[in-house]
Amino acid sequence: HMVEEMWELTGYAAKYGKMAMQMSWPKWDESKLWKTGDEYYPFFADRNFVYLTGLKCKSAVLLAAKAANGQVSERLYLLPPDAQAERWTGVRAKPHEAAEKSGIEDIRFLNRFEDDFSRLAASGEYANLYLDLYRFDGNQPDRPSHRLLHAVQRDFAYLQIKNAAELTGLLRLIKQPCEIEALRRAEEKTRAGILAMMRNSYPGKFEYQYKADFDHALGQFGPEGAGFPSIISAGKNNFCIHYYSYTGRAQEGDLILNDVGAQHDNMITDVSRAWPCGGKFTDRQKLLYNCVYATSEYAFSKIKPGMPMAEVDAMIRRFNAERLVEAGVLASVDEIGKLMWHAGAHHIGYDVHDMVKMPETVQPNMVFCVDVGVYHEEWGIGFRLEDNCLVTENGCENLSAAIPRTVEEIEAVMRGGIRP
């Protein structure tokens with residue numbers, strides 16, 4: 001039904017081709033991305049392909065066509081069985097398995113795609129071709145959809161090219177009930193991982209040891225693990241917003257910052273917490289933390305359908321500035337840029353920064369982050385409090401509220417922690 005919704009959104013009688021990142025045309029089996037020596041990066045399925053099919057198989061193609069009479073057909077193309085290849089790289093998806101998972105009945109092997117595509121393109125029944133033409137930046141190499149685009153422009157120049165990424169971005173913006181339930185499950189895993197780090201925190205502990213605690217806790221739920229590379233830092237390393245070295249060592253008086261998230265059934269959370277490595281906030285840490293916490297609570301009390309999406313971050317920035325002025329940390333709200341270095345109301349879902357079409361207004365069943373960060377370099381205190389906001393019919397819900405958030409909650413958890 002996702003494809004049918006896509007056509008309702010566009011109003012076009014269109015043909016749409018969607019392929020996983022590892023494919024090209026006419027050479028489809030391009031699932032290996034070289035890393036070094038004889039080593040390749042692990043396979044990672046295109047998120048829009050996963051969204052539309054539920055599948056993570058290599059070198060697969062989804063082809064959906066809507067005829068002039070409005071009838072929609074879907075075909076899924078898979079790599080054929082290959083006993084030798086599967087001995088080395090794992091069992092390939094079988095047609096009946098793919099049909100059961102995706103709901104698509106017409107399953108074919110990949111060697112038929114080129115002929116099928118050419119026959120449809122030359123039939124005269126289709127005017128438009130939808131491809132996922134998203135690029136993160138201009139330096140990104142061509143993805144398979146771009147290479148297919150080049151072939152189509154050469155052989156079927158009469159087809160009008162449309163960008164399917166804009167359509168999937170609209171669909172992914174509003175979460176379905178099953179997706180919201182998956183996010184709730186992912187929050188439970190994230191909570192377990194953060195609690196493991198809090199309870200095992202002590203001065204002298206290395207950042208990689210905190211990460212090991214988080215990864216071990218998530219591993220007890222299954223193989224899915226973290227939804228994105230974990231950010232876990234201590235002390236001065238907190239001032240690198242996207243920090244991945246894990247080489248620092250916590251000292252007495254340091255805050256431990258983490259920006260982490262688990263995944264469940266392809267849905268990813270994004271939660272940030274901070275705590276004193278020794279279990280007790282200093283007066284300055286508590287002062288800043290309570291300003292940030294008050295700002296987060298205020299945001300959750302105000303977010304509701306109909307408010308401008310841009311107002312979420314603007315509201316957070318204004319309110320936090322006012323609290324910091326009241327606390328005597330800033331002389332004026334105009335100085336907020338010294339301490340707040342980033343916004344944070346990004347959507348989550350199939351990506352940690354979900355590839356949605358950014359809306360003008362907040363709508364029910366959106367899920368985005370409420371992220372409040374303060375970085376006071378002079379005091380050596382940097383951290384953020386980030387939670388996941390589900391918009392409801394009349395307001396919103398903090399999906400990550402069960403993960404300790406207040407000074408009192410965090411210190412209570414750490415009093416029962418384990419020390420060497």
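Hi everyone, let's begin with overall size. A compact globule of 420 residues would have a radius of gyration near 22 Å, and this chain has 24 Å, which agrees. Please keep in mind that this is a predicted model.

To give you a feel for the outline, the C-alpha atoms fill a box of roughly 75 × 50 × 35 Å along the principal axes. Within the chain there are 12 helices and 16 strands.

How much of the chain is buried? Buried residues make up 52% of the 420. As for the outside, the chain exposes about 19400 Å², and carbon and sulfur atoms supply 51% of that area. Now the contacts: if we take those with a separation of 6 or more, 70% of them join residues that sit 24 or more positions apart.

Let's move on to two helix pairs, starting with H8 and H9. H8 covers residues 177-199 and H9 covers residues 207-219. Their axes lie 8 Å apart, and the helices pack at an angle of about 145°. H8 passes H9 in a right-handed crossing. And which residues meet there? From H8 we have Lys-189, Thr-190, Ala-192, Gly-193, Ile-194, Ala-196 and Met-197, and from H9 they meet Tyr-210, Asp-213, Phe-214, Ala-217 and Leu-218. Sorted by class, that contact has 8 nonpolar, 2 polar and 2 charged residues.

The second pair is H10 with H11, the latter being residues 309-326. Here the packing angle is about 145°, with the axes 9 Å apart. The crossing of H10 and H11 is right-handed. On the H10 side, the residues in contact include Leu-288, Cys-291, Val-292 and Tyr-298, while the H11 side includes Met-315, Ile-316, Phe-319 and Arg-323. By class, the contact of H10 with H11 has 10 nonpolar, 2 polar and 2 charged residues.

Before I stop, let me point you to one residue, Gly-279. Where is Gly-279 placed? You'll find Gly-279 in the loop between strand S13, residues 271-276, and helix H10, residues 283-302. Is Gly-279 buried or exposed? Its relative accessibility is 13%, so Gly-279 counts as buried, given that buried means under 20%. Gly-279 also has a partner to look for on your screen: Pro-203 is 76 residues away along the chain, yet the two C-alpha atoms are separated by 9.4 Å.

That's my tour, and thanks for listening!

Definitions and conventions
Residues are numbered from 1 along each chain as its sequence is written. This is a predicted model: local features need pLDDT of at least 70, side-chain atom pairs count only at pLDDT 80 or more; totals for chains, interfaces and linings use all residues. Side-chain values use heavy atoms; hydrogens and water are left out. Axes are lines fitted to C-alpha atoms, for helices over the stretch in contact, and angles run from 0 to 180 degrees between N-to-C directions. Helices (H or I, at least four residues) and strands (E, at least two) are DSSP runs, numbered from the N terminus. A crossing is left-handed if the near helix is turned anticlockwise from the far one by less than a right angle, and right-handed if clockwise. Contact means heavy atoms within 4.5 Å. Ala, Val, Leu, Ile, Met, Phe, Trp, Tyr, Cys and Pro count as nonpolar, Asp, Glu, Lys and Arg as charged, and the others, Gly among them, as polar. The radius of gyration is taken over C-alpha atoms; the globule rule is 2.2 Å times the number of residues to the power 0.38. Buried means under 20% relative accessible area, exposed over 50%, partly exposed in between (1.4 Å probe, protein chains only). Accessible areas come from the Shrake-Rupley method with a 1.4 Å probe; for residues, only the protein chains shown count as cover.
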